[in-house]
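User: I'm new to reading structures and would like a close look at one single part, followed outwards from there. Please walk me through it slowly.

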Amino acid sequence: MQFQQLQYFVAVAETRHFTRAADLVHVAQPSLSQQIKALERELGADLFLRARGNITLTDAGEALLPLARRILADADTARHEVQELAQLRSGRVRLGATPSLCTGLLPDVLRAFHDRYPGIQLLIEEGGSHDLVRELARGALDLALVVLPLPTPSPALTTVEVLREDLVVVSSPDAPAPGRGRTVRIADLEGERLVMFRHGYDLRELTVAACRAEGFEPVFAVEGGEMDAVLGFVRAGLGVAVVPRMVATRSGRGLRVTPLARPGLHRTIALAHRSDVAPPRAARELQRMLLER
């Protein structure tokens with residue numbers, strides 16, 4: 001009994017027509033008929049009653065049909081599982097993330113992923129949440145770490161919260177400490193010269209909105225930088241900046257780190273992917289490691 005013969009048998013049983021079944025499995029009708037006859041000889045029983053214009057299953061055919069379907073389904077499952085495992089030995093994951101997350105969250109997770117799956121190529125794209133959402137929508141990324149709420153709500157994306165992170169104020173140890181104690185209020189930033197991220201950066205919008213909510217417009221000493229540049233300018237004493245605690249902890253050498261007074265500022269990080277397309281197996285594995293980190 002051959003696997004192909006079972007495919008042909010199920011096709012005829014479902015279509016009740018040899019020609020349509022042959023079209024369904026992409027084989028010439030005479031070849032399909034020969035394989036069905038060979039299967040019947042192997043089993044020692046007729047599987048179909050062949051009346052003119054009417055194909056029906058015999059008792060033997062009725063008994064074989066659920067078994068054949070299960071065998072074919074098991075074969076599909078086996079093929080899928082092997083392919084899934086193969087995807088974890090080679091391939092790629094395209095991950096988008098904001099620059100601050102590339103500095104703070106990702107290094108340890110990506111190292112663990114690479115140690116476990118060294119054959120998977122990791123392609124990282126840095127950008128603001130708005131840009132990453134657009135890249136996800138057009139299929140250029142498998143996953144993206146974005147800041148919630150999304151700049152433009154997108155029903156085509158599925159998001160899962162990864163972490164809620166505190167923001168802190170970083171300043172140069174050689175400059176006067178911002179605020180008056182162990183914490184800094186947003187109101188204390190009035191009159192402070194801020195080192196500010198470029199337009200489109202989530203942290204820029206969050207900081208500016210918090211200052212305006214306190215009734216003042218922030219003053220920028222320098223603006224337009226990415227995370228590494230901002231931290232470097234703060235170390236040089238050009239001003240202070242509001243950054244994620246994780247970044248300050250990892251990159252805080254040469255910086256004074258001061259928490260924000262309650263209620264403080266926070267940001268919610270989520271992992272996003274397209275709702276209409278399941279991420280590849282390797283991307284799902286990276287997603288699992290990010291959620292369980």
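Analyst: Let's start with E135, which touches E125, A140 and L141 once residues up to four places away in sequence are left out. Touching here means a contact, with heavy atoms within 4.5 Å. Bear in mind that this is a predicted model, where local features need pLDDT of at least 70 and side-chain atom pairs pLDDT 80 or more, while totals for chains, interfaces and linings use all residues. Residues are numbered from 1 along each chain as its sequence is written, and side-chain values use heavy atoms, without hydrogens or water.

So where does E135 sit? Its home is helix α7 (helices are DSSP runs of H or I, at least four residues, and strands are runs of E, at least two, numbered from the N terminus). E135 counts as buried because its relative accessibility is 11%, and the cut-off for buried is under 20%.

Helix α7 also leads us to the largest pocket. A pocket is an open set of points on a 1 Å grid where a 1.4 Å probe fits, with protein on both sides within 12 Å along at least five of seven lines; lining residues have an atom within 4 Å of a point. Here 16 residues form the lining, and V147, L148, P149, D202 and E205 lie nearest the centre. Two or more lining residues come from each of α7 (129-137), β5 (143-148), α8 (202-213) and β11 (266-274). Helix α8 gives the largest share, four residues.

Now for the rings. The whole structure holds four aromatic pairs (ring centres within 6.5 Å; planes under 30 degrees apart are stacked, over 60 edge-to-face, the rest tilted). F9 and F48 have ring centres 5.5 Å apart and planes at 45 degrees, so they make a tilted pair. This pair ties together distant parts of the chain, since F9 is in helix α1 (residues 3-15) and F48 in strand β1 (residues 48-51), 39 residues apart. F9 and F48 are both buried, and ring pairs join them with F18 in a cluster. F197 and Y201 are stacked, because their centres are 4.5 Å apart and their planes at 10 degrees. Both F197 and Y201 are buried too.

How far can you trust the picture? The chain's mean pLDDT (the predictor's confidence per residue, from 0 to 100) is 89, with 97% of residues at 70 or more. Among its elements, strand β7 (residues 193-197) has the highest mean, 95, and helix α5 (residues 99-104) the lowest, 81.

Note on methods: Phe/Tyr/Trp six-rings, centres within 6.5 Å; stacked < 30°, edge-to-face > 60°. Buried < 20%, exposed > 50% of the residue type's maximum accessible area, 1.4 Å probe, protein only.
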